[in-house]
Structure formats: structure tokens, C-alpha cells
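Reader: I am new to this structure and would be grateful for a close look at a single part of it. Please take one residue as the point of departure and proceed from there to the surrounding elements.

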Amino acid sequence: QVQLVESGGGLVQAGGSLRLSCAASGSIFRINAMVWYRQAPGKQRELVAGISSGGMTNYADSVKGRFTISRDNVKNTVYLQMNSLKPEDTAVYYCNADLIPTGRGDWTSYWGQGTQVTVSL
């Protein structure tokens, strides 16, 4: 069974850094885009950063220049390096991946369980 498992969240002071990881496990044939989303209390889930299988990236305007997304296609893992964190970055961060499980022929979207990031003043 395919799973996405995030790690690396925590509490950090404003200006600090965190690195999130999301590992896809299970029997996987192919992974396409891998994307980080976040959801703050009382707000809708928003896209933070995405990366294609070929390494093309896109970012929300609010994180450009501060966050960097990368991936390791051998480990089926996506990372989010977050620098110069601000209190408004506080949210639950979710990993999403479009992938084809082994033995199936269709793309399916999978979500991780989320990891809390809290940035204090």
C-alpha cells in the first residue's frame, strides 16, 4: 500500500529554518509531480511549492526566495527547505504526490498526514 509520510516539522523562532521531508513508500511504478501544501487555522489549504519529475519548480509568491523544494527520485522523497521563517508560515504542511502504483495504469493523488510547523516571534 502506498503511503506518504512527512517529517521535520516543529517549533522554531522567527528567522529560523526547518527542513521538511516526505517519503513515498510502497509499491510505486512512477511518480509525477510532488507538491507541498499548507493549511493554517481557519484558512483554506494553499499550495506552497511543487516540483515535477524533471525538476521544474514553482512557488507561492509568499515563500519565493525563502523556501526551496527538491526531490530525490531514487528515494521517492521530496524536501522543503524553509529559511527566514515568519509567524505567518505557521500551518500544517501536507505533502501530495501524483503517482502510479505498481500494477495499475492510472495516476492517483496521494496525501500525507501532515506535519505541524509553528513559528514564534
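Author: In this predicted model, a polar atom of the side chain of Thr 115 lies 3.3 Å from the backbone nitrogen of Gly 9. Thr 115 belongs to strand E11, which covers residues 115–120. Is Thr 115 buried or exposed? Its relative accessible area is 12%, and because buried means under 20%, Thr 115 counts as buried. Leaving aside residues up to four places away in sequence, Thr 115 touches Glu 6, Gly 8, Gly 9, Leu 20, Ala 91, Val 92 and Tyr 93. Gly 9 thus appears both in the polar pair and in the list of contacts.

Some of these contacts lead to strand E9. Strand E9 comprises residues 91–101, and Ala 91, Val 92 and Tyr 93 are among the residues that Thr 115 touches. Strand E9 runs antiparallel to strand E10, and four bridges join the two. In one of these pairings, Leu 99 has Thr 108 of E10 as its bridge partner. Together E9 and E10 form a hairpin with six residues between them. In the turn, Gly 103 has a positive phi of about 90°.

Which side chains of strand E10 are buried? Strand E10 spans residues 108–111, and its side chains alternate along the strand. Thr 108 and Tyr 110 point to one face and are buried. Ser 109 and Trp 111 point to the other face and are not buried. Thr 108, the bridge partner of Leu 99, is therefore a residue whose side chain is on the buried face.

Strand E9 also takes part in a disulfide. The count for the model is one disulfide, and this disulfide joins Cys 22 to Cys 95, with an S to S distance of 2.1 Å. The pair links distant parts of the chain: Cys 22 is in strand E3 (residues 18–25) and Cys 95 in strand E9, 73 residues apart. Because the torsion about the S-S bond is about -80°, the disulfide is left-handed. Cys 22 is buried, with a relative accessible area of 0%. Cys 95 likewise counts as buried, at 0% relative accessibility.

Met 56 offers a contrasting case. Met 56 is found in the loop between strand E5 (46–51) and strand E6 (57–59). Its relative accessible area is 66%, and since exposed means over 50%, Met 56 is exposed. Not counting residues up to four places away in sequence, Met 56 touches Gly 50 and Ile 51.

Conventions: Residues numbered from 1 in each chain as written. Predicted model: local features only at pLDDT ≥ 70, side-chain atom pairs only at ≥ 80, totals over all residues. Heavy atoms only, no water. Buried < 20%, exposed > 50% of the residue type's maximum accessible area, 1.4 Å probe, protein only. Polar contact = N/O pair within 3.5 Å; in protein donor to acceptor, adjacent residues only side chain to side chain. Contact = heavy atoms within 4.5 Å. Pairing = 2+ DSSP bridges. Disulfide = S-S within 2.5 Å.
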